[in-house]
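Here's a short set of exercises on how two chains meet. Have a go at each one before you read the solution.

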Amino acid sequence: MSSFLSQEVPLSWYLLLSAALFSLGVVGFLIKRNLITVFMSIELMLNGVNLSFVTFAHQWHAVKGQIFVFFVMMVAAAEAAVGLAIIIAVFRARATLAVDRIDLMKL
Amino acid sequence: MHLILFIVFAGFCLAGAINLLLQSHPINSALSLIVVMTSLAVLYLMLGAEFLAVAQVIVYAGAIMVLFTFVVMLLNAGREDRTLGSRAARRVGFPAVVAILAVIATVILHAQGLGVARLSDGITTTEELSAVLFTKLLLPFEVTSVLILIAILGAVALASHGDGNGERTGGK
């Protein structure tokens, strides 16, 4: 049992996973052509960054890193609410979700 | 044990993220994103962040993704069509992203003094977290409640009909 619990995983692996998730989010942001999926890619980037915050909080035994993730989650929730409302407003004005056809600031 | 758990859930994370990119229907992307977020919750737990693991499931996988799937269904979003724009973005974007990832990975792999994670490291209890959150960081915490309130008002204002004589007055 104690050998199970003392098994080690280097923290750099967590950081690499976090970097990979962030990069996949950037790729999604660039290649996806649907407004909602582009928005989901942004959430993926936020999650990747959150993982590196938690990893460094573990590294330095600091609680504030985890609290920062908590704030990021709150901001992400607010952002999701406003962003999806904007998407609904855009869809109502343009009747499309394709980012190529939403190329004017004016609704 | 830790290694197996990390490999399994990191694999779920990456597979979900890649599936998010490959799927052309938004609802499939949303479901893969839920897989990513739930696996991340397990990884948070392995790093000792018990409160964040729970919050991740409730806030992200629960609230935010329900909002996403709700909007996908409300707008009846169909498959996305590949256009010229996506090809151009792919040609320029992929090398840039690979370069960014290579730089970050090099920095991480050469970083000195990065520790290791063990399951026996113990967890940061919610009590420790809240002791700091509600004393030293009370003001930012209260400010975020104002932020959430403004976001709610903004969302309602944006999503309601802008012309003022919509369905609310029944004059449609």
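Two residues are in contact if their C-beta atoms, placed from the backbone, lie within 7 Å. Keep in mind that this is a predicted model.

**Exercise 1.** Work out how many residues each chain brings to the contact, and what the chain A side is made of.

*Solution.* Start with the totals: chain A puts in 64 residues and chain B puts in 76 residues. Next, look at where the chain A residues sit: helix H1 (2–5), strand E1 (8–10), helix H2 (11–31), helix H3 (35–59) and helix H4 (64–94) of chain A each supply at least two of them. H4(A) gives the most, with 21 residues. Finally, sort the side of chain A that touches chain B by class, and you get 46 nonpolar, 12 polar and six charged residues.

**Exercise 2.** Find the strand of chain B that E1(A) is joined to, and give the direction of the pair.

*Solution.* The partner is strand E1 (residues 116–118) of chain B, and three bridges do the joining. The two strands run antiparallel. For a spot to check, look at Pro10(A), which stands opposite Val116(B) in E1(B).

**Exercise 3.** Decide how H2(A) is oriented against helix H1 (residues 2–22) of chain B.

*Solution.* First get the geometry: the two helices pack at an angle of about 10°, and their axes are 9 Å apart. Angles under 35 degrees count as roughly parallel, so H2(A) and H1(B) are roughly parallel to each other. Now the residues: H2(A) brings a set including Trp13(A), Leu17(A) and Ile31(A), while H1(B) answers with a set including Phe6(B), Cys13(B) and Leu21(B). By class, this helix contact has 15 nonpolar residues, one polar and no charged ones.

Methods. Residues numbered from 1 in each chain as written. Chains lettered and ligands numbered in written order. Predicted model: local features only at pLDDT ≥ 70, side-chain atom pairs only at ≥ 80, totals over all residues. Helix = DSSP H or I, 4+ residues; strand = E, 2+ residues; numbered from the N terminus. Nonpolar A, V, L, I, M, F, W, Y, C, P; charged D, E, K, R; others polar. Pairing = 2+ DSSP bridges. Axes fitted to C-alpha atoms, helices over the stretch in contact; angles between N-to-C directions. Parallel < 35°, antiparallel > 145°, perpendicular 65-115°, else oblique.
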